[in-house]
Amino acid sequence: MFLKAFKEKSNRKYLDQLLSKRKLNVDDIKIKSLGIIINYDEIEDFKIFDGLVSRLGLEKKNVNIIAYTKDPKSLGNSLNKCFNSEDFGWGGVIKNEEIEEFLNTSYDLLISYYAEDQLYLKLLTAASQSQIKVGLLQSDARINDIIVHTDIQAVKVFSDEVIKYLTVLNKI
C-alpha cells in the first residue's frame with residue numbers, strides 16, 4: 001500500500017512533465033485517423049462512437065479504441081485493447097504492449113472520453129502523439145486541446161461539439 005502511493009506520485013510527476021512539454025500545432029491537414037480512450041467502468045458501449053466516426057468520414061480500420069478498467073476480468077472479450085493500473089510501472093514506464101502500440105501510433109485526432117479523474121487515463125492521453133486531443137472536462141485543463149463540458153452519457157452533444165470545432169479548424 002505504501003509503495004503504491006509512491007508509484008502514483010512518481011507517475012503524477014511524469015504526467016506533469018509530459019503536460020509541460022506539450023505544444024499545440026494545428027494545421028489544415030484533414031483528419032484521417034482517430035484514437036479513442038474510454039473508461040470502461042463509466043461507459044461500456046464503445047459502439048457509441050460509430051456515428052461520430054461516420055460523420056468524420058473515417059473508415060473503421062483507421063479508428064483505434066483502448067479501454068481502461070479497474071477490473072480487467074469484467075471486460076470479457078468485448079474489447080481487444082484494454083489496460084489497468086498494473087500495466088504502468090514507476091515514472092510512467094509501460095508494461096503492456098497494447099498500450100505501447102496505441103502510443104506509438106500517431107493519430108490526427110484523439111478522443112479522451114472519460115469523466116473520472118483517473119491518473120492512468122490522463123497519463124495515456126498525455127503520452128499520446130496525437131495532433132489534436134479532445135475530451136470531457138477534466139480537473140487539469142492541460143490534458144486536452146479542446147474540452148467539451150457535457151455529461152458522459154450525452155454522446156450526441158459531445159459528437160456535435162467535436163464536429164463543430166473541427167469544422168472551424170478546417171480539419172474535416
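**View 1. L110 of β4 stands opposite K133 in β5.** This is a predicted model, in which local features need pLDDT of at least 70 and side-chain atom pairs count only at pLDDT 80 or more, while totals for chains, interfaces and linings use all residues. Residues are numbered from 1 along each chain as its sequence is written, and side-chain values use heavy atoms, leaving out hydrogens and water. Strands β4 and β5 run parallel and are joined by four bridges; two strands pair if DSSP finds at least two bridges between them. Helices (H or I, at least four residues) and strands (E, at least two) are DSSP runs, numbered from the N terminus. Strand β5 is mostly covered, with five of its five residues buried. Here buried means under 20% relative accessible area, exposed means over 50%, and partly exposed lies in between (1.4 Å probe, protein chains only).

**View 2. Six strands make an open, parallel sheet.** Follow the strands across and you will read the order β3-β2-β1-β4-β5-β6. At the edges are β3 (82–83) and β6 (146–148), each pairing on one side only. Strands β1 (residues 34–39) and β2 (residues 63–68) pair in the parallel sense over six bridges, and G35 stands opposite N64 in β2. Helix α3 (residues 97–104) packs on the sheet, where it touches β1, β2, β3 and β4 (109–113); touching, or contact, means heavy atoms within 4.5 Å. The direction of α3 makes about 140° with that of β2. For such angles, axes are lines fitted to C-alpha atoms, for helices over the stretch in contact, and values run from 0 to 180 degrees between N-to-C directions.

**View 3. Helix α5 lies across β4, β5 and β6.** Helix α5 spans residues 155–168 and runs at about 150° to β5 (132–136). Look for V155 in this helix: at 12% relative accessibility, V155 counts as buried. Leaving aside residues up to four places away in sequence, V155 touches I43, I48 and Y113. The C-alpha atoms of V155 and L52 are separated by 9.1 Å, although these residues are 103 apart along the chain.

**View 4. Helix α4 is mostly covered.** This helix takes in residues 119–127, and nine of its nine residues are buried. Among them are Y120, K122 and T125.

**View 5. E8 and R12 form a salt bridge in helix α1.** Their closest N and O atoms are 3.8 Å apart; a salt bridge is a side-chain nitrogen of Lys or Arg within 4 Å of a carboxyl oxygen of Asp or Glu. Because E8 and R12 are four residues apart in α1, about one helical turn separates them. E8 is partly exposed at 26% relative accessible area, and R12 is also partly exposed, at 40%. A search of the whole structure finds nine salt bridges.

**View 6. Two salt bridges reach into loops.** K60 pairs with D50, with the closest N and O atoms 3.5 Å apart. K60 lies in the loop between α2 (50–56) and β2, and D50 in helix α2, so the pair ties together parts that are 10 residues apart in sequence. K70 forms a salt bridge with E116, with closest N and O atoms 3.3 Å apart. Here K70 sits in the loop between β2 and β3 and E116 in the loop between β4 and α4, so parts 46 residues apart in sequence are tied together. K70 is exposed, at 54% relative accessible area, whereas E116 is partly exposed, at 24%.
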